[in-house]
Amino acid sequence: GNIASEYIPYKWYVHAFRATYGDTNSVGNVYFGMYAMWVGKTRELFFNYCLPDFDLKKTAFLILTRSFEHKFALEAREFDIIKVKIKVKNFNRKFATLEHRIVDQKERLLGKGSQSLLFVKADTYEQIDIPSEVLAAFTPFTS
């Protein structure tokens, strides 16, 4: 399988990698907390892909996590190839919901879930509507 980040047009942003010893518990299964870490890392790569000019030092807004949920389906083990897929499930004026799916090299579902994002002014943390550049960046990733 391909081990890289890729974008499947109008579907998913996908980050693929191989699980290693640092991802596992004492019996060789992937530690449950790693799934959330992997989704977070994939989200950062997704933001970097669709908002390449975002600069944390100059931005007028921040993207914050409002909630996160994940449902486990199968366990992964050391050296499995993991693919984390993210897309924009929906959004309204204030919140965006990202959907994720984690699969193995045979595309078997390991787990799935979603997260809700909110947006605040970088200086005051006052909640704001989703910035127009984020709406434009997210549109191709909306199902």
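**Close-up A. Lys85 and Glu107 pair up in a salt bridge, with their closest N and O atoms 2.9 Å apart.** This is a predicted model, and that goes for every view here. The two partners come from distant parts of the chain: Lys85 sits in strand 4, while Glu107 belongs to the loop between strand 5 and strand 6, 22 residues away. Lys85 counts as buried because its relative accessibility is 13%, under the 20% cut-off. Glu107, at 39%, is partly exposed. Look for Lys83 as well: salt bridges with shared partners join Lys83, Lys85 and Glu107 into one network. The structure holds seven salt bridges, and the next view shows two others from the set.

**Close-up B. Arg93 meets Asp129, and Arg108 meets Asp104, in two further salt bridges.** The N to O distance for Arg93 and Asp129 is 3.1 Å. Here, too, distant parts of the chain are linked: Arg93 is in the loop between strand 4 and strand 5, and Asp129 is in the loop between strand 7 (127-128) and helix 2, with their positions 36 residues apart in sequence. Arg93 is exposed at 56% relative accessibility, and Asp129 is partly exposed at 34%. For Arg108 and Asp104, the closest N and O atoms are 2.6 Å apart. Arg108 comes out as partly exposed, at 41%, whereas Asp104 is buried, at 3%.

**Close-up C. Strand 2 and helix 1 are tied together by aromatic pairs, among them Tyr13 with Phe46.** The structure holds 12 aromatic pairs. Tyr13 and Phe46 make a tilted one, with ring centres 6.0 Å apart and 50 degrees between the planes. Tyr13 lies in strand 2 and Phe46 in helix 1, so this pair bridges 33 residues of sequence. Both Tyr13 and Phe46 are buried. Phe17 and Trp38 form an edge-to-face pair, 5.0 Å centre to centre, with planes at 65 degrees. Again the partners are in strand 2 (Phe17) and helix 1 (Trp38), so parts 21 residues apart are tied together. Phe17 and Trp38 are both buried as well. Widen the view and ring pairs link Tyr13, Phe46, Phe47, Tyr49, Phe138 and Phe141 into a cluster.

**Close-up D. The largest nonpolar core has 31 residues.** Trp38, Phe46, Ile82, Leu117, Phe119 and Phe138 touch the most other members. Two or more residues each come from strand 2 (12-18), helix 1 (32-50), strand 3, strand 4 (81-91), strand 5 (95-104), strand 6 (109-121) and helix 2 (132-138). Helix 1 gives the most, with seven residues. Zoom in on Phe138: leaving out residues up to four places away in sequence, Phe138 touches Phe46, Phe47, Cys50, Val88, Ala96 and Leu117.

**Close-up E. Asp23 sits in the loop between strand 2 and helix 1.** Asp23 counts as buried, with 10% relative accessibility. Neighbours within four places in sequence aside, Asp23 is in contact with Arg18, Asn29, Val30, Tyr31, Met34 and Trp38. Also worth picking out is Phe79: its C-alpha atom is 9.7 Å from that of Asp23, though the two are 56 residues apart along the chain.

**Close-up F. Tyr31, Phe32 and Phe72 make a nonpolar surface patch of about 350 Å².** Phe72 is found in strand 3 (residues 61-72). With a relative accessible area of 45%, Phe72 is partly exposed.

Note on methods:
Residues are numbered from 1 along each chain as its sequence is written. This is a predicted model: local features need pLDDT of at least 70, side-chain atom pairs count only at pLDDT 80 or more; totals for chains, interfaces and linings use all residues. Side-chain values use heavy atoms; hydrogens and water are left out. Patches are made of residues with over 30% relative accessible area and no salt bridge: like charges are joined within 9 Å, nonpolar side chains (Val, Leu, Ile, Met, Phe, Trp, Tyr) within 5 Å. Accessible areas come from the Shrake-Rupley method with a 1.4 Å probe; for residues, only the protein chains shown count as cover. A salt bridge is a side-chain nitrogen of Lys or Arg within 4 Å of a carboxyl oxygen of Asp or Glu. Helices (H or I, at least four residues) and strands (E, at least two) are DSSP runs, numbered from the N terminus. Buried means under 20% relative accessible area, exposed over 50%, partly exposed in between (1.4 Å probe, protein chains only). A nonpolar core is a set of buried Ala, Val, Leu, Ile, Met, Phe, Trp, Tyr and Cys residues joined through side-chain atoms within 4.5 Å. Contact means heavy atoms within 4.5 Å. Rings of Phe, Tyr and Trp (its six-membered ring) pair if their centres lie within 6.5 Å; planes under 30 degrees apart count as stacked, over 60 as edge-to-face and the rest as tilted.
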